[in-house]
Amino acid sequence: MGDFSFFIEVVVGGLLSGVMYTLVALGFVLIFKASGVFNFAQGAMVLFAALTFVGFLEFGLPMWAAFLLALAAMLALAVAIERTVLRPLVGQDHMILFMATIGLSIFLEGFAQLIWGTKVRGLDLGISDEPIEIGGILISQFDLSAAAMAAVLVAVLSAFFSYTKVGRALRAVADDTQAAQVAGVPLGFIWAVVWGAAGFIALVAGLVWGARLGVQFALTLVALKALPVMILGGFNSIAGAIVAGLVIGVSEKLAEIYLGPFVGGGIENWFPYALAIAVLLIRPAGLFGAARIARV
Amino acid sequence: MSAQGPLLSVAGIEVMYSRLALVLRGLTLSVPRGGIVALLGANGAGKTTTMKAIANLLRSERGEVTKGAIHYDGARIDGLDPSDLARRGLSLVMEGRHAFPTLSVEDNLKVGAYSRRDGAVAESLERVYSTFPRLKERRHQPAGLLSGGEQQMCVIGRALMARPHMILLDEPSMGLAPLLVEEIFSIMQQLNAEAGVTFLLAEQNAAVALRYATYGYLVEGGRVVREGPARALAADPEIRASYLGLDASAEADGASLAARRRPRWLS
(Lines give C-alpha, C1' and ligand atoms only; values in the text may rest on other atoms or scores of the structure.)
Protein backbone atom coordinates (compact mmCIF):
# COMPACT_ATOMS: atom_id res chain seq x y z
CA MET A 1 0.00 0.00 0.00
CA GLY A 2 1.34 3.40 -0.97
CA ASP A 3 2.05 6.12 1.59
CA PHE A 4 -0.55 8.36 0.04
CA SER A 5 -3.40 5.91 0.14
CA PHE A 6 -2.50 5.19 3.75
CA PHE A 7 -2.70 8.93 4.46
CA ILE A 8 -6.15 9.07 2.82
CA GLU A 9 -7.24 6.12 4.87
CA VAL A 10 -6.21 7.88 8.08
CA VAL A 11 -8.03 11.06 7.01
CA VAL A 12 -11.20 9.17 6.14
CA GLY A 13 -11.06 7.26 9.40
CA GLY A 14 -10.59 10.56 11.22
CA LEU A 15 -13.52 12.19 9.42
CA LEU A 16 -15.79 9.32 10.36
CA SER A 17 -14.82 9.34 14.01
CA GLY A 18 -15.18 13.13 13.93
CA VAL A 19 -18.82 12.65 12.98
CA MET A 20 -19.30 10.83 16.28
CA TYR A 21 -17.90 13.82 18.18
CA THR A 22 -20.10 16.19 16.22
CA LEU A 23 -23.11 14.15 17.22
CA VAL A 24 -22.48 14.73 20.91
CA ALA A 25 -21.52 18.39 20.48
CA LEU A 26 -24.74 19.17 18.58
CA GLY A 27 -26.88 18.52 21.65
CA PHE A 28 -24.86 21.03 23.66
CA VAL A 29 -24.86 23.64 20.91
CA LEU A 30 -28.62 23.45 20.41
CA ILE A 31 -29.44 24.20 24.04
CA PHE A 32 -26.72 26.81 24.39
CA LYS A 33 -27.91 28.59 21.28
CA ALA A 34 -31.53 28.75 22.37
CA SER A 35 -31.08 29.57 26.04
CA GLY A 36 -27.45 30.47 26.72
CA VAL A 37 -27.22 27.53 29.13
CA PHE A 38 -24.35 25.09 29.01
CA ASN A 39 -26.22 21.85 29.58
CA PHE A 40 -23.96 19.74 31.74
CA ALA A 41 -26.55 16.96 31.64
CA GLN A 42 -26.11 16.20 27.92
CA GLY A 43 -23.79 13.27 28.72
CA ALA A 44 -26.29 11.89 31.23
CA MET A 45 -29.00 12.20 28.60
CA VAL A 46 -26.89 10.10 26.23
CA LEU A 47 -26.63 7.40 28.90
CA PHE A 48 -30.33 7.65 29.77
CA ALA A 49 -31.33 7.35 26.10
CA ALA A 50 -29.05 4.40 25.39
CA LEU A 51 -30.11 2.53 28.54
CA THR A 52 -33.77 3.10 27.74
CA PHE A 53 -33.31 1.82 24.20
CA VAL A 54 -31.46 -1.29 25.32
CA GLY A 55 -33.99 -1.83 28.10
CA PHE A 56 -36.85 -1.90 25.61
CA LEU A 57 -34.84 -4.23 23.35
CA GLU A 58 -34.49 -6.63 26.29
CA PHE A 59 -38.29 -6.73 26.60
CA GLY A 60 -38.12 -8.35 23.18
CA LEU A 61 -39.32 -5.36 21.19
CA PRO A 62 -38.12 -4.93 17.63
CA MET A 63 -35.50 -2.25 17.10
CA TRP A 64 -37.80 0.33 15.51
CA ALA A 65 -40.30 0.05 18.33
CA ALA A 66 -37.57 0.38 20.95
CA PHE A 67 -36.29 3.44 19.10
CA LEU A 68 -39.70 5.10 18.99
CA LEU A 69 -40.38 4.34 22.65
CA ALA A 70 -36.96 5.64 23.69
CA LEU A 71 -37.60 8.76 21.65
CA ALA A 72 -40.96 9.22 23.36
CA ALA A 73 -39.21 8.83 26.71
CA MET A 74 -36.68 11.52 25.78
CA LEU A 75 -39.44 13.91 24.70
CA ALA A 76 -41.35 13.28 27.94
CA LEU A 77 -38.12 13.90 29.82
CA ALA A 78 -37.69 17.23 27.99
CA VAL A 79 -41.18 18.36 28.98
CA ALA A 80 -40.58 17.29 32.58
CA ILE A 81 -37.26 19.17 32.70
CA GLU A 82 -38.94 22.32 31.37
CA ARG A 83 -41.71 22.12 33.99
CA THR A 84 -39.67 21.24 37.03
CA VAL A 85 -36.23 22.72 36.44
CA LEU A 86 -36.27 25.48 33.84
CA ARG A 87 -39.60 27.18 34.47
CA PRO A 88 -39.05 27.89 38.17
CA LEU A 89 -35.62 29.33 37.33
CA VAL A 90 -36.74 31.78 34.63
CA GLY A 91 -34.79 35.01 34.85
CA GLN A 92 -32.07 33.57 37.07
CA ASP A 93 -28.41 33.95 36.29
CA HIS A 94 -26.90 31.56 33.72
CA MET A 95 -24.55 30.22 36.37
CA ILE A 96 -27.55 29.11 38.45
CA LEU A 97 -29.05 27.33 35.45
CA PHE A 98 -25.69 25.70 34.78
CA MET A 99 -25.59 24.39 38.34
CA ALA A 100 -29.15 23.16 37.94
CA THR A 101 -28.02 21.10 34.94
CA ILE A 102 -25.21 19.60 37.06
CA GLY A 103 -27.84 18.50 39.54
CA LEU A 104 -29.98 17.24 36.69
CA SER A 105 -27.10 15.17 35.31
CA ILE A 106 -26.49 13.49 38.67
CA PHE A 107 -30.20 12.78 39.02
CA LEU A 108 -30.45 11.35 35.49
CA GLU A 109 -27.44 9.08 35.96
CA GLY A 110 -28.94 7.68 39.12
CA PHE A 111 -32.47 7.48 37.77
CA ALA A 112 -31.41 5.69 34.58
CA GLN A 113 -29.47 3.08 36.54
CA LEU A 114 -32.24 2.73 39.11
CA ILE A 115 -34.67 1.73 36.37
CA TRP A 116 -32.44 -0.26 34.08
CA GLY A 117 -29.69 -1.51 36.40
CA THR A 118 -25.98 -0.91 36.38
CA LYS A 119 -24.62 -3.84 34.41
CA VAL A 120 -22.78 -3.18 31.18
CA ARG A 121 -24.83 -4.20 28.19
CA GLY A 122 -23.73 -4.82 24.66
CA LEU A 123 -25.68 -3.15 21.91
CA ASP A 124 -25.79 -4.71 18.47
CA LEU A 125 -27.39 -2.45 15.91
CA GLY A 126 -27.01 -5.15 13.27
CA ILE A 127 -24.35 -3.25 11.39
CA SER A 128 -21.25 -5.28 10.81
CA ASP A 129 -17.94 -3.75 11.77
CA GLU A 130 -16.07 -5.41 8.89
CA PRO A 131 -14.05 -2.90 6.93
CA ILE A 132 -14.97 -2.63 3.26
CA GLU A 133 -12.68 -1.57 0.49
CA ILE A 134 -13.58 1.47 -1.58
CA GLY A 135 -11.08 2.52 -4.26
CA GLY A 136 -8.24 0.74 -2.53
CA ILE A 137 -9.01 2.31 0.87
CA LEU A 138 -10.29 0.34 3.82
CA ILE A 139 -13.26 1.95 5.53
CA SER A 140 -15.17 0.75 8.57
CA GLN A 141 -18.75 -0.06 7.60
CA PHE A 142 -19.94 0.83 11.06
CA ASP A 143 -18.32 4.27 10.96
CA LEU A 144 -19.81 4.83 7.54
CA SER A 145 -23.32 3.99 8.77
CA ALA A 146 -22.87 6.17 11.83
CA ALA A 147 -21.80 9.04 9.60
CA ALA A 148 -24.83 8.54 7.39
CA MET A 149 -27.13 8.57 10.43
CA ALA A 150 -25.53 11.77 11.69
CA ALA A 151 -25.86 13.39 8.27
CA VAL A 152 -29.57 12.58 8.13
CA LEU A 153 -30.02 13.90 11.66
CA VAL A 154 -28.30 17.19 10.83
CA ALA A 155 -30.31 17.57 7.62
CA VAL A 156 -33.58 16.99 9.47
CA LEU A 157 -32.67 19.44 12.23
CA SER A 158 -31.53 22.20 9.91
CA ALA A 159 -34.63 21.85 7.73
CA PHE A 160 -36.70 22.09 10.90
CA PHE A 161 -34.95 25.28 12.03
CA SER A 162 -34.98 26.93 8.63
CA TYR A 163 -38.42 26.22 7.26
CA THR A 164 -40.92 25.57 10.04
CA LYS A 165 -42.86 28.05 12.13
CA VAL A 166 -41.56 26.58 15.37
CA GLY A 167 -38.00 26.58 14.01
CA ARG A 168 -38.31 30.24 13.10
CA ALA A 169 -39.67 31.02 16.58
CA LEU A 170 -36.77 29.12 18.05
CA ARG A 171 -34.24 31.26 16.19
CA ALA A 172 -36.14 34.33 17.36
CA VAL A 173 -35.86 33.15 20.99
CA ALA A 174 -32.13 32.61 20.48
CA ASP A 175 -31.80 36.18 19.16
CA ASP A 176 -33.92 38.01 21.73
CA THR A 177 -35.95 36.09 24.28
CA GLN A 178 -38.14 38.92 25.58
CA ALA A 179 -38.97 40.25 22.14
CA ALA A 180 -39.96 36.74 21.05
CA GLN A 181 -42.27 36.35 24.05
CA VAL A 182 -43.88 39.69 23.34
CA ALA A 183 -44.45 38.59 19.75
CA GLY A 184 -46.48 35.68 21.12
CA VAL A 185 -43.92 32.86 21.24
CA PRO A 186 -44.51 30.71 24.35
CA LEU A 187 -41.10 30.26 25.90
CA GLY A 188 -41.91 27.11 27.86
CA PHE A 189 -43.02 25.27 24.73
CA ILE A 190 -39.93 26.39 22.79
CA TRP A 191 -37.63 25.19 25.58
CA ALA A 192 -39.41 21.85 25.68
CA VAL A 193 -38.87 21.57 21.90
CA VAL A 194 -35.17 22.43 22.22
CA TRP A 195 -34.62 19.92 25.02
CA GLY A 196 -36.63 17.37 23.08
CA ALA A 197 -34.37 17.90 20.05
CA ALA A 198 -31.33 17.59 22.32
CA GLY A 199 -32.86 14.37 23.67
CA PHE A 200 -33.30 13.07 20.12
CA ILE A 201 -29.64 13.82 19.39
CA ALA A 202 -28.67 12.16 22.67
CA LEU A 203 -30.57 9.05 21.62
CA VAL A 204 -28.78 8.80 18.26
CA ALA A 205 -25.43 9.51 19.93
CA GLY A 206 -26.24 6.93 22.61
CA LEU A 207 -26.97 4.26 19.99
CA VAL A 208 -23.82 4.91 18.01
CA TRP A 209 -21.49 5.26 20.99
CA GLY A 210 -23.27 2.51 22.88
CA ALA A 211 -22.69 0.11 20.02
CA ARG A 212 -19.02 1.11 20.11
CA LEU A 213 -18.29 1.13 23.83
CA GLY A 214 -21.13 -0.92 25.27
CA VAL A 215 -24.01 0.72 27.08
CA GLN A 216 -22.54 1.63 30.44
CA PHE A 217 -21.86 4.50 32.79
CA ALA A 218 -18.76 5.52 30.81
CA LEU A 219 -21.10 6.82 28.11
CA THR A 220 -21.59 9.98 30.16
CA LEU A 221 -17.90 10.71 29.67
CA VAL A 222 -18.46 10.85 25.93
CA ALA A 223 -19.69 14.35 26.64
CA LEU A 224 -16.13 15.37 27.47
CA LYS A 225 -15.21 14.65 23.88
CA ALA A 226 -17.62 17.37 22.84
CA LEU A 227 -15.82 20.11 24.76
CA PRO A 228 -12.89 20.64 22.39
CA VAL A 229 -15.32 20.40 19.48
CA MET A 230 -17.39 23.24 20.89
CA ILE A 231 -14.40 25.38 21.78
CA LEU A 232 -13.09 24.95 18.25
CA GLY A 233 -16.41 25.51 16.51
CA GLY A 234 -17.99 28.07 18.80
CA PHE A 235 -20.67 27.36 21.40
CA ASN A 236 -23.56 28.62 19.33
CA SER A 237 -22.85 27.45 15.82
CA ILE A 238 -24.32 24.25 14.43
CA ALA A 239 -22.13 24.51 11.33
CA GLY A 240 -19.20 25.09 13.68
CA ALA A 241 -19.94 21.89 15.59
CA ILE A 242 -20.00 19.90 12.36
CA VAL A 243 -16.77 21.30 10.93
CA ALA A 244 -14.97 21.27 14.28
CA GLY A 245 -16.00 17.66 14.93
CA LEU A 246 -14.47 16.64 11.60
CA VAL A 247 -11.34 18.73 12.18
CA ILE A 248 -10.82 17.19 15.61
CA GLY A 249 -11.40 13.68 14.32
CA VAL A 250 -8.91 14.06 11.48
CA SER A 251 -6.28 15.98 13.44
CA GLU A 252 -6.19 13.55 16.35
CA LYS A 253 -5.72 10.60 14.00
CA LEU A 254 -3.04 12.37 11.95
CA ALA A 255 -1.26 13.49 15.11
CA GLU A 256 -1.31 9.94 16.46
CA ILE A 257 0.10 8.43 13.27
CA TYR A 258 2.60 11.08 12.25
CA LEU A 259 3.64 12.80 15.49
CA GLY A 260 2.99 9.94 17.89
CA PRO A 261 6.09 7.91 17.10
CA PHE A 262 8.35 10.83 18.10
CA VAL A 263 6.93 11.11 21.60
CA GLY A 264 6.08 7.50 22.20
CA GLY A 265 2.41 7.60 21.10
CA GLY A 266 -0.75 8.19 23.07
CA ILE A 267 -1.30 11.61 21.54
CA GLU A 268 -4.82 10.90 20.36
CA ASN A 269 -6.42 11.35 23.75
CA TRP A 270 -5.11 14.78 24.59
CA PHE A 271 -4.40 16.31 21.20
CA PRO A 272 -7.96 17.72 20.77
CA TYR A 273 -7.67 19.57 24.07
CA ALA A 274 -4.30 21.06 23.10
CA LEU A 275 -5.86 22.16 19.83
CA ALA A 276 -8.79 23.70 21.72
CA ILE A 277 -6.45 25.68 23.96
CA ALA A 278 -4.58 26.96 20.92
CA VAL A 279 -7.88 28.09 19.39
CA LEU A 280 -8.87 29.80 22.64
CA LEU A 281 -5.69 31.85 22.46
CA ILE A 282 -6.27 32.94 18.89
CA ARG A 283 -10.06 33.05 18.46
CA PRO A 284 -11.83 32.90 21.83
CA ALA A 285 -15.29 32.76 20.21
CA GLY A 286 -14.27 29.68 18.20
CA LEU A 287 -13.89 29.39 14.46
CA PHE A 288 -17.60 29.95 13.85
CA GLY A 289 -18.60 31.65 17.10
CA ALA A 290 -21.22 34.36 17.03
CA ALA A 291 -19.90 37.44 15.39
CA ARG A 292 -22.90 39.45 16.46
CA ILE A 293 -24.54 41.21 13.56
CA ALA A 294 -24.64 44.87 14.46
CA ARG A 295 -24.66 48.04 12.51
CA VAL A 296 -22.08 50.47 13.85
CA MET B 1 -64.87 42.14 23.14
CA SER B 2 -66.86 43.99 25.78
CA ALA B 3 -67.62 47.53 24.69
CA GLN B 4 -67.74 49.29 28.04
CA GLY B 5 -65.04 50.83 30.18
CA PRO B 6 -61.44 51.54 29.26
CA LEU B 7 -59.57 49.03 27.11
CA LEU B 8 -56.64 49.04 29.51
CA SER B 9 -56.67 50.02 33.13
CA VAL B 10 -53.74 49.97 35.51
CA ALA B 11 -54.88 50.37 39.10
CA GLY B 12 -52.42 51.37 41.78
CA ILE B 13 -49.63 48.97 40.87
CA GLU B 14 -46.43 48.64 42.81
CA VAL B 15 -43.47 46.95 41.16
CA MET B 16 -40.50 45.63 43.01
CA TYR B 17 -37.25 44.30 41.57
CA SER B 18 -35.36 41.53 43.37
CA ARG B 19 -37.75 41.98 46.34
CA LEU B 20 -35.77 45.08 47.17
CA ALA B 21 -36.11 48.02 44.84
CA LEU B 22 -39.57 49.58 44.65
CA VAL B 23 -39.76 51.13 41.21
CA LEU B 24 -43.47 51.83 40.78
CA ARG B 25 -45.34 53.07 43.84
CA GLY B 26 -49.06 53.05 43.19
CA LEU B 27 -49.26 53.98 39.54
CA THR B 28 -52.73 54.33 38.05
CA LEU B 29 -53.73 55.03 34.48
CA SER B 30 -56.37 54.05 31.97
CA VAL B 31 -56.52 54.01 28.20
CA PRO B 32 -59.86 54.35 26.42
CA ARG B 33 -60.75 52.24 23.41
CA GLY B 34 -59.40 53.90 20.27
CA GLY B 35 -57.32 56.45 22.17
CA ILE B 36 -53.69 57.50 21.98
CA VAL B 37 -52.45 58.05 25.51
CA ALA B 38 -48.99 59.37 26.28
CA LEU B 39 -46.93 58.36 29.30
CA LEU B 40 -44.37 61.10 29.86
CA GLY B 41 -41.45 61.38 32.19
CA ALA B 42 -37.69 61.57 32.51
CA ASN B 43 -35.25 58.68 32.47
CA GLY B 44 -35.85 56.35 35.38
CA ALA B 45 -39.32 57.69 36.11
CA GLY B 46 -40.85 54.23 35.60
CA LYS B 47 -42.28 54.41 32.08
CA THR B 48 -40.59 51.29 30.76
CA THR B 49 -41.29 49.38 33.97
CA THR B 50 -44.98 50.27 33.55
CA MET B 51 -44.91 48.93 29.98
CA LYS B 52 -43.15 45.74 31.06
CA ALA B 53 -45.56 45.27 33.95
CA ILE B 54 -48.50 45.43 31.53
CA ALA B 55 -46.76 43.02 29.12
CA ASN B 56 -45.88 40.64 31.99
CA LEU B 57 -42.17 40.75 31.24
CA LEU B 58 -41.05 41.55 34.76
CA ARG B 59 -40.67 37.96 35.89
CA SER B 60 -37.77 37.30 33.58
CA GLU B 61 -36.03 40.33 35.13
CA ARG B 62 -36.75 39.23 38.68
CA GLY B 63 -39.34 41.91 39.15
CA GLU B 64 -42.96 41.51 40.22
CA VAL B 65 -46.18 43.43 40.62
CA THR B 66 -46.62 43.40 44.39
CA LYS B 67 -49.80 45.46 44.63
CA GLY B 68 -52.63 46.63 42.40
CA ALA B 69 -54.15 45.10 39.29
CA ILE B 70 -53.99 45.37 35.52
CA HIS B 71 -57.10 44.82 33.42
CA TYR B 72 -57.21 44.58 29.65
CA ASP B 73 -60.48 44.26 27.75
CA GLY B 74 -62.36 43.45 30.92
CA ALA B 75 -60.07 40.66 32.11
CA ARG B 76 -57.28 40.68 34.63
CA ILE B 77 -53.98 40.09 32.81
CA ASP B 78 -51.24 40.29 35.44
CA GLY B 79 -50.14 36.73 36.01
CA LEU B 80 -50.57 35.55 32.43
CA ASP B 81 -47.66 34.35 30.34
CA PRO B 82 -46.27 37.21 28.19
CA SER B 83 -47.02 35.22 25.04
CA ASP B 84 -50.75 35.01 25.91
CA LEU B 85 -51.17 38.74 25.42
CA ALA B 86 -50.41 38.65 21.72
CA ARG B 87 -53.31 36.26 21.23
CA ARG B 88 -55.58 38.66 23.13
CA GLY B 89 -54.60 41.49 20.82
CA LEU B 90 -52.17 43.38 23.05
CA SER B 91 -48.67 43.96 21.63
CA LEU B 92 -45.63 45.66 23.09
CA VAL B 93 -43.02 47.40 20.96
CA MET B 94 -40.08 47.39 23.33
CA GLU B 95 -37.73 50.25 23.99
CA GLY B 96 -34.50 50.04 22.03
CA ARG B 97 -35.72 48.36 18.83
CA HIS B 98 -35.62 44.68 19.60
CA ALA B 99 -35.59 43.23 16.10
CA PHE B 100 -34.21 39.69 15.79
CA PRO B 101 -30.81 40.57 14.32
CA THR B 102 -29.97 37.28 12.60
CA LEU B 103 -33.44 36.71 11.15
CA SER B 104 -34.40 38.25 7.83
CA VAL B 105 -36.89 41.12 7.86
CA GLU B 106 -39.57 38.80 6.51
CA ASP B 107 -38.86 36.15 9.15
CA ASN B 108 -39.03 38.88 11.81
CA LEU B 109 -42.49 39.80 10.60
CA LYS B 110 -43.61 36.19 10.37
CA VAL B 111 -42.63 35.56 13.99
CA GLY B 112 -45.05 38.36 14.85
CA ALA B 113 -47.87 36.18 13.49
CA TYR B 114 -46.89 33.21 15.67
CA SER B 115 -50.00 33.34 17.81
CA ARG B 116 -52.38 33.46 14.85
CA ARG B 117 -54.26 30.38 13.79
CA ASP B 118 -55.96 31.80 10.68
CA GLY B 119 -54.53 31.48 7.19
CA ALA B 120 -54.45 35.17 6.28
CA VAL B 121 -50.84 35.78 7.35
CA ALA B 122 -49.65 36.50 3.79
CA GLU B 123 -52.30 39.19 3.49
CA SER B 124 -51.15 40.88 6.70
CA LEU B 125 -47.58 40.70 5.44
CA GLU B 126 -48.56 42.63 2.32
CA ARG B 127 -50.39 45.20 4.44
CA VAL B 128 -47.29 45.76 6.59
CA TYR B 129 -45.18 46.11 3.44
CA SER B 130 -47.55 48.71 2.04
CA THR B 131 -47.36 50.65 5.32
CA PHE B 132 -43.55 50.38 5.36
CA PRO B 133 -42.38 50.09 1.73
CA ARG B 134 -38.75 50.20 2.81
CA LEU B 135 -39.16 46.91 4.65
CA LYS B 136 -40.28 45.25 1.43
CA GLU B 137 -37.09 46.36 -0.32
CA ARG B 138 -35.05 44.76 2.44
CA ARG B 139 -37.21 41.74 3.17
CA HIS B 140 -34.38 39.23 2.71
CA GLN B 141 -31.71 41.11 4.67
CA PRO B 142 -30.91 40.25 8.29
CA ALA B 143 -32.70 42.78 10.47
CA GLY B 144 -29.46 43.51 12.34
CA LEU B 145 -28.18 45.29 9.23
CA LEU B 146 -31.09 47.73 8.97
CA SER B 147 -30.73 51.37 10.00
CA GLY B 148 -32.24 52.48 13.31
CA GLY B 149 -35.38 53.85 11.70
CA GLU B 150 -35.88 50.73 9.60
CA GLN B 151 -35.47 48.54 12.67
CA GLN B 152 -38.13 50.58 14.44
CA MET B 153 -40.42 50.03 11.44
CA CYS B 154 -39.56 46.33 11.50
CA VAL B 155 -40.58 45.92 15.15
CA ILE B 156 -43.75 47.97 14.70
CA GLY B 157 -44.55 45.88 11.63
CA ARG B 158 -43.91 42.74 13.67
CA ALA B 159 -46.37 43.93 16.31
CA LEU B 160 -48.94 44.62 13.58
CA MET B 161 -48.62 41.05 12.28
CA ALA B 162 -50.48 39.85 15.39
CA ARG B 163 -53.41 42.09 14.34
CA PRO B 164 -53.48 43.87 17.71
CA HIS B 165 -56.31 45.93 19.18
CA MET B 166 -53.77 47.77 21.25
CA ILE B 167 -50.06 48.53 20.96
CA LEU B 168 -47.80 49.60 23.81
CA LEU B 169 -45.16 51.76 22.14
CA ASP B 170 -42.09 52.34 24.30
CA GLU B 171 -39.80 55.26 23.32
CA PRO B 172 -40.21 54.93 19.56
CA SER B 173 -38.32 58.21 19.00
CA MET B 174 -35.18 57.19 20.88
CA GLY B 175 -32.07 57.84 18.80
CA LEU B 176 -33.96 58.67 15.60
CA ALA B 177 -33.65 61.76 13.42
CA PRO B 178 -36.53 64.25 13.85
CA LEU B 179 -37.98 63.60 10.38
CA LEU B 180 -38.05 59.87 11.03
CA VAL B 181 -39.72 60.48 14.39
CA GLU B 182 -42.49 62.42 12.65
CA GLU B 183 -42.86 59.62 10.10
CA ILE B 184 -43.23 56.95 12.77
CA PHE B 185 -45.68 59.03 14.78
CA SER B 186 -47.82 59.83 11.78
CA ILE B 187 -47.96 56.11 10.95
CA MET B 188 -49.15 55.56 14.50
CA GLN B 189 -51.83 58.18 13.98
CA GLN B 190 -52.86 56.59 10.70
CA LEU B 191 -53.16 53.13 12.28
CA ASN B 192 -55.23 54.66 15.04
CA ALA B 193 -57.57 56.48 12.68
CA GLU B 194 -57.93 53.78 10.00
CA ALA B 195 -57.57 50.49 11.83
CA GLY B 196 -58.82 51.68 15.22
CA VAL B 197 -55.67 50.54 17.03
CA THR B 198 -55.40 51.91 20.57
CA PHE B 199 -51.98 53.19 21.65
CA LEU B 200 -50.22 53.69 24.94
CA LEU B 201 -47.10 55.66 24.15
CA ALA B 202 -44.17 56.08 26.56
CA GLU B 203 -42.00 59.01 25.54
CA GLN B 204 -39.31 61.26 26.87
CA ASN B 205 -39.87 63.57 23.96
CA ALA B 206 -42.96 65.20 25.44
CA ALA B 207 -43.20 67.90 22.78
CA VAL B 208 -43.82 65.41 19.98
CA ALA B 209 -45.84 62.95 22.04
CA LEU B 210 -48.33 65.59 23.19
CA ARG B 211 -48.95 66.66 19.60
CA TYR B 212 -50.14 63.17 18.64
CA ALA B 213 -51.74 61.97 21.88
CA THR B 214 -55.23 62.76 23.09
CA TYR B 215 -54.49 62.37 26.79
CA GLY B 216 -51.32 62.28 28.85
CA TYR B 217 -49.88 61.15 32.16
CA LEU B 218 -46.74 62.57 33.68
CA VAL B 219 -44.76 60.05 35.74
CA GLU B 220 -42.16 60.94 38.34
CA GLY B 221 -40.58 58.61 40.87
CA GLY B 222 -42.87 55.72 40.00
CA ARG B 223 -46.25 57.44 40.26
CA VAL B 224 -48.43 59.71 38.21
CA VAL B 225 -47.95 63.34 39.27
CA ARG B 226 -50.06 65.06 36.65
CA GLU B 227 -52.64 64.00 34.08
CA GLY B 228 -54.98 65.63 31.63
CA PRO B 229 -55.93 66.12 28.00
CA ALA B 230 -52.82 66.46 25.86
CA ARG B 231 -53.56 70.06 24.97
CA ALA B 232 -53.94 71.09 28.60
CA LEU B 233 -50.68 69.37 29.53
CA ALA B 234 -48.85 71.05 26.69
CA ALA B 235 -50.08 74.43 27.97
CA ASP B 236 -49.25 73.76 31.62
CA PRO B 237 -46.45 76.22 32.55
CA GLU B 238 -44.65 73.81 34.87
CA ILE B 239 -44.61 71.05 32.30
CA ARG B 240 -43.52 73.54 29.69
CA ALA B 241 -40.59 74.52 31.87
CA SER B 242 -39.49 71.08 33.06
CA TYR B 243 -40.26 68.85 30.10
CA LEU B 244 -40.65 70.99 27.05
CA GLY B 245 -37.91 73.52 27.85
CA LEU B 246 -40.10 76.28 26.51
CA ASP B 247 -40.93 78.72 29.25
CA ALA B 248 -38.26 79.79 31.69
CA SER B 249 -40.62 82.12 33.58
CA ALA B 250 -42.16 79.15 35.42
CA GLU B 251 -38.82 78.70 37.14
CA ALA B 252 -39.52 81.99 38.89
CA ASP B 253 -41.95 80.24 41.25
CA GLY B 254 -38.96 78.23 42.39
CA ALA B 255 -41.14 75.15 42.40
CA SER B 256 -40.84 73.09 39.25
CA LEU B 257 -42.29 69.61 39.52
CA ALA B 258 -38.85 68.09 39.44
CA ALA B 259 -37.63 70.29 42.28
CA ARG B 260 -40.67 69.56 44.41
CA ARG B 261 -40.20 65.83 44.14
CA ARG B 262 -39.37 64.30 47.48
CA PRO B 263 -36.14 62.36 47.76
CA ARG B 264 -36.86 58.74 46.86
CA TRP B 265 -35.54 57.16 50.00
CA LEU B 266 -38.05 59.06 52.13
CA SER B 267 -41.19 58.19 50.22
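Start in chain B: select residues 8-17, strand β1, together with residues 21-31, strand β2, and you'll have an antiparallel pair joined over eight bridges. Keep in mind as you click around that this is a predicted model. To find the register of the pair, pick Val10(B), which sits opposite Leu29(B) in β2(B). Now go to the turn. The hairpin of β1(B) and β2(B) has three residues between its strands, and Ser18(B) takes a positive phi there, near 50°.

Keep β1(B) selected and add residues 63-72 of chain B. That's strand β4, and β1(B) pairs with β4 as well, in the antiparallel sense and over eight bridges. Color Ala11(B) and Ala69(B) to see one matched position: Ala69(B), in β4(B), is the bridge partner of Ala11(B).

**The six-stranded sheet of chain B**

Next, bring up the open sheet whose strands come in the order β6-β7-β8-β3-β9-β10 (chain B). The pairing in this six-stranded sheet is mixed. Its edges are β6, residues 90-93, and β10, residues 223-229, both in chain B, and each of them pairs on one side only. If you look along the sheet, the turn between neighbouring strands is 15° on average, direction ignored.

For a parallel stretch, select residues 36-40 and 198-203 of chain B. These are strands β3 and β8, running parallel and joined by five bridges. Leu40(B) is a handy marker, as it stands opposite Glu203(B) in β8(B).

Then slide over to the β10 edge. Strand β9, residues 215-220 of chain B, runs antiparallel to β10(B), with six bridges between them. Zoom in on Val219(B), and you'll find its bridge partner, Val224(B), in β10(B). What kind of phi does Gly221(B) take in the hairpin of β9(B) and β10(B)? A positive one, near 55°, in a hairpin with two residues between the strands.

**The two domains of chain B**

Color chain B in two parts: domain 1 is 1-89 + 167-261, and domain 2 is 98-163. Taken over C-alpha atoms, the centres of these two domains of chain B are 25 Å apart. Where they touch, ten residues of domain 1 of chain B are in contact with seven of domain 2 of chain B. On the domain 1 side, look at α2 (82-87) and α7 (178-195) of chain B, each of which supplies at least two residues. By class, that domain 1 side has seven nonpolar, two polar and one charged residues.

**Over to chain A**

Switch to chain A and show it as a cartoon. You should see eleven helices and two strands. Follow the chain from the N terminus and the elements run α-α-α-α-β-β-α-α-α-α-α-α-α. The C-alpha trace of chain A spans about 65 × 60 × 35 Å along its principal axes. A compact globule of 296 residues would have a radius of gyration near 19 Å, and the 20 Å of chain A agrees with that.

Now for a helix corner. Select α5, residues 141-163 of chain A, along with α6(A): their axes come within 5 Å and cross at roughly 80°, so α5(A) and α6(A) are roughly perpendicular. Show side chains for Phe160(A), Phe161(A), Ser162(A) and Tyr163(A) in α5(A), which meet Gly167(A), Leu170(A) and Arg171(A) in α6(A). This contact divides into four nonpolar, two polar and one charged residues.

Keep α6(A) and swap α5(A) for α8, residues 187-213 of chain A. α6(A) and α8 pack at an angle of about 105°, with their axes 10 Å apart, so these two helices are also roughly perpendicular to each other. On the α6(A) side select Val166(A), Ala169(A), Leu170(A) and Val173(A), which meet Leu187(A), Ile190(A), Val193(A) and Val194(A) in α8(A). The classes here are eight nonpolar, no polar and no charged residues.

**Where the chains meet**

For the last stop, show both chains. How many residues does each chain put into the contact? Chain A gives 22 and chain B gives 31. On the chain A side, α6 (165-175) and α7 (177-182) each supply at least two residues. The largest share of that side, six residues, comes from α6(A). Color the chain A side by class to finish, and you'll get twelve nonpolar, four polar and six charged residues.

Notes: Residues numbered from 1 in each chain as written. Chains lettered and ligands numbered in written order. Predicted model: local features only at pLDDT ≥ 70, side-chain atom pairs only at ≥ 80, totals over all residues. Pairing = 2+ DSSP bridges. Helix = DSSP H or I, 4+ residues; strand = E, 2+ residues; numbered from the N terminus. Axes fitted to C-alpha atoms, helices over the stretch in contact; angles between N-to-C directions. Contact = placed C-beta atoms within 7 Å. Nonpolar A, V, L, I, M, F, W, Y, C, P; charged D, E, K, R; others polar. Parallel < 35°, antiparallel > 145°, perpendicular 65-115°, else oblique. Domains from an automatic or database assignment. Rg over C-alpha atoms; globule rule 2.2 N^0.38 Å.
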